[in-house]
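Hi,

Here's the structure I promised to send over. Have a look at it first, and then read on for my notes on the side-chain contacts.

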Amino acid sequence: MSIDIATIPELLKFNRIMTLKILDEISEFSDPTSALTFRPGPGRAHIAWQIMHLGITEELFASQRLRSTDSSLTQWFDSYQKGSNASDEIPSIDTIRSVLSESRENVLDAISQITAADLETVPAGLSERGWTNQMALQILCWHEPHHQGQAHLTLNSWKAQQ
């Protein structure tokens with residue numbers, strides 16, 4: 001079964017609306033940093049990490065996995081890519097929004113260059129994983145709801161402790 005590439009941006013747009021709702025809610029708190037730094041348990045990722053991870057993962061797909069191009073967000077890669085440990089240094093909500101916006105623009109540009117004929121192609125940046133463009137697009141559509149759900153649950157846990 002082949003996916004319809006034209007639907008991917010719409011799915012990503014809806015997913016992002018839900019993520020931004022969390023940031024909007026947090027920004028209304030008297031101490032947003034308290035919520036952003038909340039961890040569901042020792043050594044677990046806080047809300048800021050979950051949300052920044054979304055942006056950085058999209059940027060990695062846009063700049064290294066679906067194609068090979070420069071990124072202006074490389075300073076965040078080590079802190080927020082898969083396997084990184086959530087630091088106690090927390091970016092501001094404005095920084096988080098900026099990263100989400102820039103990385104989304106970049107990943108949509110990368111997606112726009114994939115045609116139906118390219119879906120079964122394994123891009124060089126995903127050859128180690130053996131993922132085709134189609135699999136990469138499916139992962140991108142799943143990734144944000146997964147981490148948005150973690151951030152949402154973590155936020156609810158923070159609110160329960162207030």
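R104 is buried, with a relative accessible area of 10%. Keep in mind that this is a predicted model. What does R104 pair with? Its side chain meets that of E58 in a salt bridge, at 2.8 Å from N to O. E58 sits in helix α3 and R104 in helix α5 (residues 93-112), so this pair ties together parts that are 46 residues apart in sequence.

E58 has a second partner to look at: R16 forms a salt bridge with E58, and the closest N and O atoms are 3.3 Å apart. Here the link runs from helix α3 (residues 47-65), where E58 lies, to helix α1 (residues 7-27), where R16 lies, so parts 42 residues apart in sequence are tied together. Are these two buried or exposed? E58 is buried because its relative accessible area is 3%, under the 20% cut-off. R16 counts as buried too, at 7% relative accessibility.

Zoom out a bit and these contacts join up: R16, E58, R104 and E144 are linked in a network of salt bridges. The model has eight salt bridges in total.

Another one of them is between K159 and E25, with the closest N and O atoms 2.6 Å apart. K159 belongs to helix α6 (residues 133-160) and E25 to helix α1, so this salt bridge ties together parts that are 134 residues apart in sequence. As for burial, K159 counts as partly exposed at 33% relative accessibility, and E25 is partly exposed as well, with a relative accessible area of 30%.

Now the rings. There are three aromatic pairs, and one of them is F61 with W131. Why is this pair called stacked? The ring centres of F61 and W131 are 6.5 Å apart and the planes are at 20°, so the pair is stacked, given that planes under 30 degrees apart count as such. F61 lies in helix α3, while W131 is in the loop between α5 and α6, so the two rings tie together parts that are 70 residues apart in sequence.

On accessibility, F61 counts as buried at 2%, whereas W131 counts as partly exposed at 22%. W131 has a charged neighbour as well: R129 lies over the face of W131, at 5.0 Å from the ring centre.

If you want somewhere to start in the viewer, try E58, which has salt bridges with R16 and R104, and then move along helix α3 to F61.

Cheers

How values were computed: Residues are numbered from 1 along each chain as its sequence is written. This is a predicted model: local features need pLDDT of at least 70, side-chain atom pairs count only at pLDDT 80 or more; totals for chains, interfaces and linings use all residues. Side-chain values use heavy atoms; hydrogens and water are left out. A salt bridge is a side-chain nitrogen of Lys or Arg within 4 Å of a carboxyl oxygen of Asp or Glu. Helices (H or I, at least four residues) and strands (E, at least two) are DSSP runs, numbered from the N terminus. Buried means under 20% relative accessible area, exposed over 50%, partly exposed in between (1.4 Å probe, protein chains only). Rings of Phe, Tyr and Trp (its six-membered ring) pair if their centres lie within 6.5 Å; planes under 30 degrees apart count as stacked, over 60 as edge-to-face and the rest as tilted. A charge sits over a ring if NZ of Lys or CZ of Arg is within 6 Å of the ring centre and within 35 degrees of the ring normal.
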